[in-house]
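Trainee: Got a minute to go through this one with me? I'd like to start with the overall picture and then get into details.

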Amino acid sequence: MNILSAGILLTSIVVLSACNDQKSSSEQQTQSSADQQEIAKFNAYVEVANSLNTPFAKTLSDHQQYIEPKLKSGEKLDSYSVAYPFTLNQTKQKLTKAIALPHAMPEIDGPAKSFEDALSKFQPINTELSNYADSKGYLADGGKKAREQDDAYVSTLTEVVKAEEAFLTGIEKQDEINTREAFDKAQKDTQDYFRAGLILYAKQALRLSYAVFQTAGSKETVAPFRARLDQAAAMADGWGKKIVEADPNGCPYIMNAVNDFVAEGRQVVSDAEAGKYVKKADDINFNILDPIGRGQAALSTRYNNMINVFNNPHC
């Protein structure tokens with residue numbers, strides 16, 4: 001899920017259109033204040049998402065894969081760990097601060113509060129078991145405490161994972177709303193228009209790519225992905241031309257990142273159509289080469305790089 005947290009365009013909710021000259025000065029100031037509150041709150045939520053370097057979903061998955069089997073088998077524990085309390089506390093504190101900021105954001109506020117509540121319920125048992133793990137209490141009691149409390153630990157962590165997913169999904173939905181708003185408000189045939197369109201269609205293309213990889217490149221999923229990618233490429237072409245009109249030197253720094261994303265997307269289409277994501281019966285190296293995982297990782301990386309250069313422009 002860090003795909004989306006890294007891929008948020010932090011400035012996407014800045015209103016691109018100029019203020020209406022017919023509005024009074026006080027009305028413009030009120031609108032500007034509301035816009036700033038929206039930007040501040042959205043970015044605070046994004047900061048929470050970006051702080052999830054190890055998502056709770058990964059913590060749960062690792063626990064179920066490596067620790068739970070040992071606990072259930074009754075074998076002696078030579079290691080034991082739970083979620084890192086410092087990360088948990090930091091995430092909860094950032095969530096609390098973001099929720100308290102002014103400006104209603106329905107797509108995120110509700111899921112954020114549920115995430116905060118789930119963390120609050122998980123925090124006590126995680127803290128207790130973290131102290132047990134750090135002091136190697138499992139060596140003293142043979143893992144008795146870990147086994148007794150494992151059901152409660154997994155249950156509360158599962159609720160955190162569900163809330164985390166809903167929170168990240170809420171950010172993704174709000175981000176697309178913001179990007180669509182910026183695109184709709186931008187003056188046609190301008191840098192802002194093509195830039196907002198590029199981000200919007202690239203974001204939609206990335207989301208559609210998930211289905212491509214999940215279905216091993218089925219025709220039904222490749223077609224809509226390619227359509228959105230083509231729209232992103234057309235917007236990129238328009239943006240590049242507007243940049244050159246303003247400065248003959250253009251902006252290779254950003255354009256290279258944009259082209260890398262489009263190129264990687266087209267490679268995904270090509271690989272899918274060539275059947276490279278479908279495991280052949282006699283292909284013993286498929287799992288080792290992992291074309292699906294590598295393709296998804298490469299596309300996500302190129303997308304995140306593109307968003308990063310737009311968030312930190314050098315030209």
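Mentor: Let's take the fold, then the aromatic pairs, then one helix and the loops beside it.

Mentor: Before that, this is a predicted model, where local features need pLDDT of at least 70, side-chain atom pairs count only at pLDDT 80 or more, and totals for chains, interfaces and linings use all residues. Residues are numbered from 1 along each chain as its sequence is written, and side-chain values use heavy atoms, with hydrogens and water left out.

Trainee: Okay, how many helices and strands are there?

Mentor: The chain has 12 helices and 0 strands, where helices are DSSP runs of H or I with at least four residues and strands are runs of E with at least two, numbered from the N terminus.

Trainee: And what share of the residues is buried?

Mentor: 44% of the 315 residues. Buried means under 20% relative accessible area, exposed over 50%, and partly exposed in between, using a 1.4 Å probe and protein chains only.

Trainee: Switching to aromatics, how many pairs are there?

Mentor: The count is 14 aromatic pairs. Rings of Phe, Tyr and Trp (its six-membered ring) pair if their centres lie within 6.5 Å; planes under 30 degrees apart are stacked, over 60 edge-to-face, and the rest tilted. One of them is Tyr84 with Phe86, tilted, at 6.2 Å centre to centre and 50° between the planes.

Trainee: Is Tyr84 buried or exposed?

Mentor: Exposed, because its relative accessibility is 56%. Another pair, Phe183 and Tyr193, is stacked, with 4.9 Å between centres and 25° between planes. That pair links helix H7 (residues 144-185), home of Phe183, to helix H8 (residues 191-214), where Tyr193 sits. Both Phe183 and Tyr193 are buried.

Trainee: Which residues make up the aromatic cluster?

Mentor: Tyr45, Phe56, Phe115 and Phe167 form one cluster.

Trainee: New topic: where does H5 bend?

Mentor: At Gln123, by about 35°, with Pro124 following within four residues. The bend is the angle between axes fitted to the seven residues ending there and the seven starting there.

Trainee: What about the loops on either side?

Mentor: His103 is in the loop between helix H4 (85-100) and H5, with a positive phi near 105° although His103 isn't glycine. At 27% relative accessibility, His103 counts as partly exposed.

Trainee: And where does Lys136 lie?

Mentor: In the loop between H5 and helix H6 (137-141). Lys136 has a positive phi near 55°, again in a residue other than glycine, and counts as partly exposed because its relative accessibility is 46%.
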